[in-house]
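Colleague: I should like to learn how to read the features of a protein model, one at a time. May we work through an example together?

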Amino acid sequence: MRVHVSSCMKVQEQMANCPKFVPVVPTSQPIPSAVPNRSTFTCPYCGARNLDQQELLKHCVDNHRSDPNRVVCPICSAMPWGDPSYKSANFLQHLLHRHKFSYDTFVDYSIDEEAAFQAALALSLSEN
């Protein structure tokens, strides 16, 4: 679909004629500019862009299953605790085991890893 949208003149004309977004009411809230993108990722092997977590996994399984190169996980490197220089020895296994769920559902990005660990530990102890 992305290939079609990028190459189809009819679709591009329709998109050009769509009304532009305009806020319903004026707001004094600033538009956040330094919010990291943790929703879509770029394939570390070939540079394919705008892949969500599941699409990244499917793309890598379909296209890079036998690629021996060590690569940086784009999901981990987008996280506050991620190391943008760490290269995974087996990226596909890493994706399958470390990224089975969406972090947005379970992670509070406003606290650091130690605070998150302490909160999880306290919650675990309170449930017993």
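Colleague: Let us begin with a single residue: is Asn-50 buried, partly exposed or exposed?

Modeller: Please keep in mind that this is a predicted model. Burial is judged from the relative accessible area, and values between 20% and 50% count as partly exposed. Asn-50 has a relative accessible area of 43%, so it is partly exposed. The residue belongs to the loop between α2 and α3. Its backbone also deserves attention: Asn-50 is not a glycine, yet its phi is positive, at about 60 degrees.

Colleague: How many helices and strands does the protein chain have, and what pattern do they follow along the sequence?

Modeller: One lists the elements in sequence order. The chain contains seven helices and two strands, and their order is α-α-α-β-α-β-α-α-α. Of its 128 residues, 22% are buried.

Colleague: Which residues of helix α5 are buried?

Modeller: For a helix, one asks which residues are buried and then where they point. In α5, which spans residues 91-98, the buried residues are Phe-91, Leu-92, His-94 and Leu-95. They lie on the same side of α5, because they cover an arc of only 160 degrees around the axis.

Colleague: What covers these buried residues of α5?

Modeller: The covering elements include the helices α3 (53-64) and α4 (74-78), together with the strands β1 (71-72) and β2 (87-88). Phe-91 itself has a relative accessible area of 1%, and is therefore buried.

Colleague: How many aromatic pairs does a search of the whole structure find?

Modeller: To read such a pair, one considers the distance between the ring centres and the angle between the planes. The search finds one pair. The rings belong to Tyr-45 and Phe-91; their centres are 5.9 Å apart and their planes are at 75 degrees, so the pair is edge-to-face. The pair links distant parts of the chain, since Tyr-45 is in the loop between α2 and α3 while Phe-91 is in helix α5, 46 residues apart.

Colleague: What is the volume of the second largest pocket, and which elements give two or more residues to its lining?

Modeller: A pocket is described by its volume and by the residues that line it. This pocket has a volume of about 190 Å³. Its lining residues include Cys-73, Trp-81, Asp-83, His-94 and Arg-98. The elements giving two or more residues to the lining are α4 and α5. By class, the lining has five nonpolar, four polar and three charged residues.

Notes: Residues numbered from 1 in each chain as written. Predicted model: local features only at pLDDT ≥ 70, side-chain atom pairs only at ≥ 80, totals over all residues. Heavy atoms only, no water. Buried < 20%, exposed > 50% of the residue type's maximum accessible area, 1.4 Å probe, protein only. Helix = DSSP H or I, 4+ residues; strand = E, 2+ residues; numbered from the N terminus. Arc of directions from axis to C-beta. Contact = heavy atoms within 4.5 Å. 1 Å grid on protein atoms, 1.4 Å probe; cavity = no way out; pocket = protein on both sides within 12 Å on 5 of 7 lines; lining within 4 Å. Points joined across faces, edges and corners; volume = space filled by probe spheres on them. Nonpolar A, V, L, I, M, F, W, Y, C, P; charged D, E, K, R; others polar. Phe/Tyr/Trp six-rings, centres within 6.5 Å; stacked < 30°, edge-to-face > 60°.
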